[in-house]
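Reader: I have a sequence and a model on my screen. Can we go through the side chains and strands one at a time?

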Amino acid sequence: SSGINAEWLLRPGSKEDPVLVRDKLLENKVAAPARAGALAPVDVIVEAQNTGMGPEKTSFFQALNISTKIAKGAIEIVSNVHLIHKGDKVGASEATLLQMLDVKPFAYGLIVENIYDNGAVFAPEVLDITDEQLLSKFQLGITNVAAASLAIGYCTEASLPHTIINVFKNVLAVAVETDISFPEADTVKAFLADPSAFAVAAAPEAEAAVEETKEEVKEESEEEESDDDMGFSLFD
C-alpha cells in the first residue's frame with residue numbers, strides 16, 4: 001500500500017479519541033492498479049489460479065517466466081508467482097498482466113505524520129503507548145533513582161522506604177545481640193533460641209493441607225466409582 005502524507009488537527013477541547021480518529025483515517029484506503037514505471041510500495045504475489053484466458057495467451061506468460069498449464073480450455077497458473085518486489089519499478093508486462101487478471105495490488109490513503117493537540121505536536125507513534133508501558137517506565141525510573149540515592153547516601157522519596165528497612169535491620173541486629181527488647185526483636189530471639197518450635201508450629205498446618213488434599217482426591221475417586229456403577233446392564 002502507499003499513501004499521501006497528511007497532518008491532521010485535533011481541535012482544543014475536542015472529545016474525539018485521537019486513537020480512533022487516527023485508525024479511522026488509516027482504514028480508508030482506495031485500491032489502485034499497478035501502473036508501468038511506478039515504484040511498488042509492497043510485494044506483489046500472483047496466486048495460482050485459472051485465469052480464464054485462452055491458450056493463445058500462453059506466450060505472454062512464458063515471457064514473464066510464469067509456469068502454466070491448459071485446464072478446461074483456459075490457462076492456469078500452477079503456483080504462486082512473486083511478480084514484483086517491493087521498491088522495484090513496475091514493468092509494462094507486469095502491469096498488463098495484472099490488468100488482464102483484474103488485480104489491483106496497491107492501495108492509497110492518508111498517512112498521519114504529525115498530530116497537533118492542544119498546542120502540542122507529536123508523532124503518531126505516541127498514540128500506541130499503553131498505560132502499562134508508561135507504568136513500567138515510571139517504575140524503572142523510580143528503581144534507578146532509589147539505587148543511585150542509596151549508593152551515594154542521598155535520601156530521596158524513592159530511597160526512603162529502603163533506608164528505613166535497612167536501618168530497622170541494623171536495629172534488629174543490635175537488639176538480638178543485646179538485652180534490648182521489642183516485639184519484633186523478641187520474635188527473632190525466640191526463633192534463634194529454638195528454631196524447632198517454629199517448625200513444630202508450622203507442621204500441623206502443613207498436615208492439615210495434606211489431609212484436605214487427600215480428602216478431595218478420595219471424593220473424586222468415589223464419584224467416579226459411583227458413575228461406573230450406574231452403567232449396569234439389565235441383563236447382568
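Author: Short questions and short answers follow, and the model is a predicted one.

Reader: Start with charge. How many salt bridges are there by the rule used here?

Author: The rule asks for a side-chain nitrogen of Lys or Arg within 4 Å of a carboxyl oxygen of Asp or Glu. Arg22 and Asp23 meet this way at 2.7 Å, N to O. Arg22 and Asp128 do so at 3.0 Å. The count comes to two.

Reader: Which residues do the shared partners join into one network?

Author: Arg22 bridges to Asp23. Arg22 also bridges to Asp128. Salt bridges with shared partners make one network of Arg22, Asp23 and Asp128.

Reader: How many residues apart are Arg22 and Asp128?

Author: Their side chains meet in a salt bridge, 3.0 Å from N to O. Arg22 sits in helix α1, residues 18-27, and Asp128 in the loop between β9 and α4. The pair links distant parts of the chain, with a separation of 106 residues.

Reader: Is Arg22 buried or exposed?

Author: Buried means under 20% relative accessible area. Arg22 has 9%, so the residue counts as buried.

Reader: And its partner Asp128: what is the relative accessibility, and which class does it fall in?

Author: The exposed class begins over 50%, and the buried class lies under 20%. Asp23, the other acid of the network, is at 30% and is partly exposed. Asp128 has a relative accessibility of 46%, so the class is partly exposed.

Reader: Next, the nonpolar surface. Which residues form a nonpolar patch there?

Author: One member, Val126, lies in the loop between β9 (120-122) and α4 (131-152). Val126 has a relative accessible area of 40% and is partly exposed. Patch members need over 30%, and together they offer about 250 Å² of accessible area. The patch is Val126, Ile129 and Leu134.

Reader: How far apart in space are Ile111 and Leu26?

Author: Ile111 belongs to strand β8, residues 106-117. Ile111 is partly exposed at 35% relative accessible area. In sequence, Ile111 and Leu26 are 85 residues apart. C-alpha to C-alpha, the distance is 6.7 Å.

Reader: How many aromatic pairs does a search of the whole structure find?

Author: Ring centres must lie within 6.5 Å to pair. Across the whole structure, the search finds two.

Reader: What is the geometry of the Phe60 and Phe61 pair?

Author: The ring centres of Phe60 and Phe61 are 6.2 Å apart, with 90° between the planes. Planes over 60 degrees apart count as edge-to-face. The pair is therefore edge-to-face.

Reader: Which class does Phe61 fall in, buried or exposed?

Author: Phe60 is partly exposed, with 23% relative accessible area. The value for Phe61 is 0%. The limit is under 20%, so Phe61 is buried.

Reader: Which backbone oxygen lies 2.7 Å from a polar atom of the Thr58 side chain?

Author: Thr58 is in helix α2, residues 58-63. Thr58 is buried, at 17% relative accessible area. The oxygen at 2.7 Å belongs to Pro55.

Reader: Now a sheet. What is the strand order in the open sheet of three strands?

Author: The pairing is antiparallel. The edge strands are β4 (49-50) and β5 (68-71), and each pairs on one side only. The order is β4-β6-β5.

Reader: In β6, which residue is the bridge partner of Asn50?

Author: β4 pairs with strand β6, residues 74-77, in the antiparallel sense. That pairing runs over two bridges. The β6 partner of Asn50 is Glu76.

Reader: What is the phi of Lys72?

Author: Lys72 is found in the loop between β5 and β6. Lys72 is exposed, at 87% relative accessible area. Its phi is positive in a residue other than glycine, near 55°.

Reader: Last one. What is the phi of Asp102?

Author: Asp102 is found in the loop between α3 (92-100) and β8. Asp102 is exposed, with a relative accessible area of 63%. Phi is again positive in a residue other than glycine, near 60°.

Technical notes:
Residues are numbered from 1 along each chain as its sequence is written. This is a predicted model: local features need pLDDT of at least 70, side-chain atom pairs count only at pLDDT 80 or more; totals for chains, interfaces and linings use all residues. Side-chain values use heavy atoms; hydrogens and water are left out. Patches are made of residues with over 30% relative accessible area and no salt bridge: like charges are joined within 9 Å, nonpolar side chains (Val, Leu, Ile, Met, Phe, Trp, Tyr) within 5 Å. Accessible areas come from the Shrake-Rupley method with a 1.4 Å probe; for residues, only the protein chains shown count as cover. Helices (H or I, at least four residues) and strands (E, at least two) are DSSP runs, numbered from the N terminus. Buried means under 20% relative accessible area, exposed over 50%, partly exposed in between (1.4 Å probe, protein chains only). Rings of Phe, Tyr and Trp (its six-membered ring) pair if their centres lie within 6.5 Å; planes under 30 degrees apart count as stacked, over 60 as edge-to-face and the rest as tilted. Two strands pair if DSSP finds at least two bridges between them. A polar contact is a pair of N or O atoms within 3.5 Å; within protein, one must be able to donate a hydrogen and the other to accept it, and residues adjacent in sequence count only if both atoms are side-chain atoms.
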